[in-house]
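Visitor: Got a minute to walk me through this one? I'd like to start with a single residue and work outwards.

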Amino acid sequence: FNETATTEIYTEQIVGSVRCVQETGINAEYMGSTLEKFFEPLYEGTPQDIIDSLPALMNAIKMIHTIARYYSSTDKMTTLFIKITNQMISNCKKYLMEGQSKDTKQLWSKDPEMLIQKMSKCIELNHVYQEQYDLTKERVAELIKGKQGKQFDFNDVQIFIKFDRFCKRLNKLIDIFSTIQQFNTLQKHNLEGLDKLMDKFQKALKGLKDKSYDLLDITNHFDREIVQFNLEISQLDGELQAFIDNNFSKFRNIEYSIKLLRRFESILKRDSLRHNLIQKYSAILHNYGGEL
């Protein structure tokens, strides 16, 4: 367990807790060792480890709020949660970079499918984190209903906004890496007539890769580059759709058409193109009904 890494959150919440030791009669050393294990996954675990520990972590924070006079205010608890949120984001970045260099350009060389899975796990962490927070808030409200007690109700916007923005960036990156995965697969199939389209894609991708932005830094202007890239990809989608339509128009044989359709279905990842394939199924069935 990395004691140095956990100093910022761990020390603050223990100092606050120790201030109320005389009032509660709780042993400070016991309190420290008990809470320490709940914060450990934030630094040493994976996003999945954090997800698994969230119910216990929320209970520990609820205990801090209930016992520690230092954490009786909304501001103190909001600040603690913000620090936890920031550490979750740091954990996600470390997870995506596999603990290596902080140069996010390395992400371009990683397997797109693996990256998509990892980014999705980070987004899941944010979802479960907010879900557990809301659940804890509801439980505390139910417990003190009709009584006087501390509400578990803090500044939600301040607590979660940074993680929400980080996940918004991850969703955009997932879309990019899904596109890369799609065109990589297209290239492997060596479909005749796609050379020019593949060249255009590689040019657009190179333009994006050449930018010096940190892909995981939500404070930069990389989103502008993503918009430009998506415009170029949208044009390529139209060309790819025309290519698919042209292939289907060449053959009237239903068996071959279904085989071709399934081939494209295994390749295409973007929603607009997959939606068009569904329409192709309807057209094939209509043609089949006409032949009968």
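Guide: Sure. This is a predicted model, and a fair place to start is Glu 131, which sits in helix H6.

Visitor: Is Glu 131 buried, exposed or partly exposed?

Guide: Glu 131 is partly exposed, with a relative accessible area of 44%.

Visitor: And how far is the C-alpha of Glu 131 from that of Leu 54?

Guide: Those two C-alpha atoms are separated by 9.8 Å, while the residues are 77 apart along the chain.

Visitor: OK, confidence next. What does pLDDT average over the protein?

Guide: The average is 83, and 80% of the residues score at least 70. By element, helix H6 (residues 112–143) has the highest mean, 95, and helix H2 (residues 21–24) the lowest, 44.

Visitor: Where does pLDDT stay under 50?

Guide: Over residues 20–27. The model has 9 contacts beyond four places in sequence for that stretch.

Visitor: Let's go inside. How many residues are in the largest nonpolar core?

Guide: It has 76 residues, and Phe 81 and Tyr 129 have the most contacts inside it. Helix H7, residues 156–188, gives the most to this core, with 13 residues.

Visitor: What does Phe 81 touch, leaving aside its neighbours within four places in sequence?

Guide: Phe 81 is in contact with Met 58, Ile 61, Tyr 129, Tyr 133, Phe 152, Phe 154 and Ile 159.

Visitor: Back to H7, then. What's its span from first C-alpha to last?

Guide: H7 reaches 47 Å with its 33 residues, close to the 48 Å expected at 1.5 Å a residue. There's a bend in H7 of about 25° at Lys 162.

Visitor: What follows H7?

Guide: Asn 190 does, and its phi is positive, near 50°.

Visitor: New topic: how many disulfides are there?

Guide: The count comes to 0. Take Cys 92: the nearest cysteine sulfur is that of Cys 122, 3.3 Å away.

Visitor: Why doesn't that pair count as a disulfide?

Guide: Because the sulfur atoms would have to be within 2.5 Å, and these are 3.3 Å apart. From the other side, Cys 122 is in no disulfide either, and its nearest cysteine sulfur is that of Cys 92.

Visitor: Is Cys 92 buried or exposed? And Cys 122, buried or exposed?

Guide: Cys 92 is buried, with a relative accessible area of 0%. Cys 122 is buried too, again with a relative accessible area of 0%.

Terms used. Residues are numbered from 1 along each chain as its sequence is written. This is a predicted model: local features need pLDDT of at least 70, side-chain atom pairs count only at pLDDT 80 or more; totals for chains, interfaces and linings use all residues. Side-chain values use heavy atoms; hydrogens and water are left out. A nonpolar core is a set of buried Ala, Val, Leu, Ile, Met, Phe, Trp, Tyr and Cys residues joined through side-chain atoms within 4.5 Å. Buried means under 20% relative accessible area, exposed over 50%, partly exposed in between (1.4 Å probe, protein chains only). Helices (H or I, at least four residues) and strands (E, at least two) are DSSP runs, numbered from the N terminus. Contact means heavy atoms within 4.5 Å. The expected span of a helix is 1.5 Å times one less than its number of residues. The bend at a residue is the angle between axes fitted to the seven residues ending there and the seven starting there. pLDDT is the predictor's confidence in each residue, from 0 to 100.
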